[in-house]
Amino acid sequence: MKYALIGCGRISPNHIVAAQRNNLDIVALCDIVEHNMKDKIVKFKLSKSVKCYTNYIEMLQNEELDIVAIATESGKHAQIALDCMKIGHVNLIIEKPIALSLEDADKIIAMAAETGVKVCACHQNRFNKSIQKIREAVEMERFGRMLYGTAHIRWARDYEYYARAKWRGTWEQDGGALMNQCIHNIDLLRWMMGDDIECVVGMTDRLKHDYIEAEDLGIALIKFRNGSYGVVEGTTNIYPKNLEETLYLFGDKGTVKAGGTSVNVIEEWRFSDMLDDPEEVKKQFHENPPNVYGYGHTPLYEDVMQAIKENKPLYVDAVAGKRALELVLAIYKSATEESIIHLPLESCATIDFKGRF
């Protein structure tokens, strides 16, 4: 399968490595900064035949592609995705968040259905060995009645991080800690707890990063339609470096905690059914990735390729991407309006909160 990557910045190495490990034919890279592309070609020993484009429209017109990954600034994801489907009729892997407005997310979902292409939302942590094991327990109903779950993202981002890319922390192109750093674990919480949400109460603030527009702290309470509850706590204010990302799930017959760098370690595994040895589970489903991005991109790419070949549903599709986006936007809306927000949201976008702080 012929593959191209649009956006060769911070997250691009994970995409390139995933493409290589799945034996995709990398034929083109696209970035508005030519050095970014040249650097990746050298670093990852890509073929000299790989073409470099500074205009993705030109790339779509010149290349016959099977899969395109979009890893640009968040605010450009939606338009690039729509152009890729309209011009190139190409399958997509879109870095999180899938879009910054529900309207754009709906357009992506609709055009994917219209053109018949596969659109994957890049929530790679769903493929963590630990998360796969926990999801299996959820689907086997080992938790019994699910009571509540919590997602904690306690990370650090400094001035240098935001200065390296001016779009970060802006309402037009990004959002704050919840949308950028925390959306992966927010996605996992919603997915594990049953997806359907009744209402959300949120509070956000900008306590430390006065040089960005959006929040560096977000806290939310969630009521799911199945009667369970969720708690989100996300921040980029931790001193002096990333502390943890954890996911707790509590049922009346089971308790699980996933922790580590990016929820890739099972730290607690307790079930009344005693189907497995907790210590063996902790040992077997343990990963130690070098950074917060984990190892999930490679199996995510494999799933996309299989879905295309066999014309089957994706494990993480555009609808899943919209759900994660909707929950973050609902927290923003609740915090801004100081009210309970009922889902589903009709319409909402990060740009709606410009001037919030």
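Modeller: Quick ground rule first: a polar contact is a pair of N or O atoms within 3.5 Å, where within protein one must be able to donate a hydrogen and the other to accept it, and residues adjacent in sequence count only if both atoms are side-chain atoms. This is a predicted model, with local features needing pLDDT of at least 70 and side-chain atom pairs pLDDT 80 or more, while totals for chains, interfaces and linings use all residues. Residues are numbered from 1 along each chain as its sequence is written, and side-chain values use heavy atoms, leaving out hydrogens and water.

Biologist: Okay, which side chain does Lys257 join in a polar contact?

Modeller: Lys257 sits in strand β12, residues 254–259 (strands are DSSP E runs of at least two residues, helices H or I runs of at least four, numbered from the N terminus). The side-chain polar contact spans 3.4 Å, and the partner is Tyr248.

Biologist: Is Lys257 buried or exposed?

Modeller: Buried means under 20% relative accessible area, exposed over 50%, partly exposed in between, with a 1.4 Å probe and protein chains only. Lys257 has 16% relative accessibility, so the call is buried.

Biologist: Now the open six-stranded sheet: which strands stand at the edges?

Modeller: Strands pair if DSSP finds at least two bridges between them. The order is β3-β2-β1-β4-β5-β6, with parallel pairing. Each edge strand has a single partner, so one side lacks a neighbour in the sheet; these are β3 (51–53) and β6 (119–122).

Biologist: And how many bridges join β5 to β6?

Modeller: Ile93 stands opposite Cys120 in β6. Strand β5 covers residues 91–95 and runs parallel to β6, and the bridge count is four.
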